[in-house]
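Me: I have a sequence and a structure in front of me, and I would like to learn how to read them. Where should I begin?

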Amino acid sequence: MSAAEVSAAEFDTDFGGLHRATPRAVHRLPSAFPSALLGSGRPLTLRGSGHSCAGQTVTGDELLVTYAPDSATREIRDLGEGLFEVPAGASWHGLERYLNRRGRAFPVLPNYLHMSVGGTLSVGGAGSESIRSGWQVDQVERIQLIDGTGSSRWCSRTEHGELFRFALGGLGAVGLIERVVLRTVEHESLMHEHRNDHATLGALAEYTARVAGDGDVDSYWGMSRHGRIRSVTGWRGARSRGACERENCAVVIRSQQWETDPHAARQTPPGRGRMWADYVVPAEHCISMIETVAAQLDRAPFDDPSTMLYILVIRRAADAVPFAFAPILPAPVSVGVGLYATVDRDAAVEAAAGQTFRDLQRSCCELGGRPYLYGVVDLDDAKTAGLYGHDLDRLAELRASLRLGHVNANLPIVRAAERT
C-alpha cells in the first residue's frame, strides 16, 4: 500500500451509502504508517477505495483507514513466472494497464476497475471471466497481512494457511491486507463476443443454466436493465480470431474498456442511495434464484428503470482454497445473481427494500447458496452460525490471538463470532 487515508468519519457520497456520517478531514499517511496505526490500539475501520452500497464503508466515531491508489502502481514488482507483487491500494485499472503493457493480464476483472485490489480481495471478487477462472481470490499466491499489534506476516496455502483462508473474502476481520502476490496470464487483446437478447428473464435464466453447464466459454454475463434483457458470451485467444458467423457477434479489443471510467457519469443523484446485494447459488438452482430475484423488478422500490439484475457464472478448480467467508460453495459451478437498486433516502422505502433483501437472502440459503457479504446483508447470529459453522468460532479465537479487538469490531461476522 503506497498510502493510507484516515478520517474520523466519511460519508460514501459517490456510491450512495445509506448510513450517514459526518464528514471530517482526511489525512494522507506514508506507507510506514499502516503498521503503526493498527498497532496503536485505537478503534479502526478498514475499507478499500470506498466503492460502497448500504453504508458498508462508513464509520461513526472510529478512525477510517482506506487505500489511496494514485501512486500505487509504481510499487508493483515483477517476480517472474507470471507472478506480480502488488500493493493492496492499487486499483484494478492501474494494475491492468501496467500488466497489459508487459504482455500480461489478470485472469478475472470486475466490471468496475476503479476499486482497490485489497478491498476487492477482502470480499471475494468476481467478473465475467469467473466462468473460466473462478473468484479473484482464487488467483492469489500469497498476501502480506498486518495484525492488531502492527506486525506483518506473509500468508499463503502453505505458510499461515489458516490466515490466508480467513483473510481473503474476510472483510478485514483478521487484519489489513498490505500487499498481494497475484498470478497472471498472457494478455489476449481480442475477445469474440456473442450478444444475445432474451424475450423474458425466464429465457435468460434458462440460457444461463445451459452456459454454466457447457464449460467451453471464457467470459459470460447476463443483465436486465432499462427493459432490455441481454447476455454476452465470449471466447478469447485463438478462438476469437475467426470471422463472426452470426449477425449479433463481434470481435472486440478487450483493453478498450480499461481506458475510461464507465461510472463517471453515473453517480448517485442527491437524495438517493444504492442498495445492492448478490446471492451465489449452485448452478443447478440458478433458474429458481434468477426467477425469485426477477419477481421483485415489478415491485416498489425496485420498479425504478435504473434497477439492474446482473448474473455471473463462477467455475472453480477442484483444489481451490475453501475460503471461510467468501460465498464459496461445494458445487464446482455456481451462479451469482445480483439485484442493484437506487432508492429514495426515505425510512419507509429503505425498510421495504431491506425486507425484500432479507427474503431473497433466505431464498438463497434455502437453495444451498450463500450471500455475498459485500452489499446489503442482514444476518442474525443464528443465520451466521448456520452459514459459517466452526469458522465463526475460530474467527473469535484468531482475532484474540492477533490483538484485533479494536479493528473492524462492528462487522456483523465479528459481532456474531464474539457472541457465539
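**Reading helices, sheets and one residue**

Reply: Begin with one helix. The buried residues of α2 are Trp92, His93, Gly94, Leu95, Glu96, Tyr98, Leu99 and Asn100. Keep in mind that this is a predicted model.

Me: How many residues of helix α2 are buried, and what follows from that?

Reply: Buried means under 20% relative accessible area. In helix α2 (residues 92-100), 8 of the 9 residues are buried, so the rest of the structure largely encloses the helix.

Me: Which elements do the buried residues of α2 pack against?

Reply: They pack against strands β6 (83-87), β7 (104-105) and β10 (176-183), and against helix α3 (117-121).

Me: What does the whole chain look like in numbers?

Reply: The protein chain holds 11 helices and 19 strands. Of its 420 residues, 60% are buried. Its accessible surface is about 17,100 Å², and carbon and sulfur atoms account for 48% of that. Among contacts with a separation of 6 or more, 72% are between residues 24 or more positions apart.

Me: How do I read a sheet?

Reply: Read the order of the strands, then find the edges. One open sheet here has 8 strands in the order β15-β12-β14-β13-β17-β18-β16-β19, with antiparallel pairing. Its edge strands, β15 (249-253) and β19 (370-371), each pair on one side only.

Me: How many bridges join β13 to β17?

Reply: Strand β13 (residues 219-225) and strand β17 (residues 308-315) run antiparallel and are joined by 3 bridges. Met223 has Tyr310 in β17 as its bridge partner. Helix α6 packs on this sheet, touching β12 (190-197), β13, β14 (228-236), β17 and β18 (333-344), and its direction makes about 170° with that of β13.

Me: Where does helix α7 lie?

Reply: Helix α7 (residues 286-294) lies across β16 (272-282), β17 and β18, and runs at about 5° to β18.

Me: Now a single residue. Is Tyr207 buried or exposed?

Reply: Compare its relative accessibility with the cut-off: buried means under 20%. Tyr207 has 14%, so it counts as buried. Tyr207 is found in helix α6 (residues 201-214).

Me: Which residues does Tyr207 touch, not counting residues up to four places away in sequence?

Reply: Tyr207 touches His194, Asn196, His198, Tyr220, Ser231 and Thr233. With Thr233 there is also a polar contact between the two side chains, at 3.3 Å. Asn196 is 11 residues from Tyr207 along the chain, and their C-alpha atoms are separated by 9.6 Å.

Methods
Residues numbered from 1 in each chain as written. Predicted model: local features only at pLDDT ≥ 70, side-chain atom pairs only at ≥ 80, totals over all residues. Heavy atoms only, no water. Helix = DSSP H or I, 4+ residues; strand = E, 2+ residues; numbered from the N terminus. Buried < 20%, exposed > 50% of the residue type's maximum accessible area, 1.4 Å probe, protein only. Contact = heavy atoms within 4.5 Å. Polar contact = N/O pair within 3.5 Å; in protein donor to acceptor, adjacent residues only side chain to side chain. Pairing = 2+ DSSP bridges. Axes fitted to C-alpha atoms, helices over the stretch in contact; angles between N-to-C directions. Areas by Shrake-Rupley, 256 points an atom, 1.4 Å probe, with all protein chains shown as cover.
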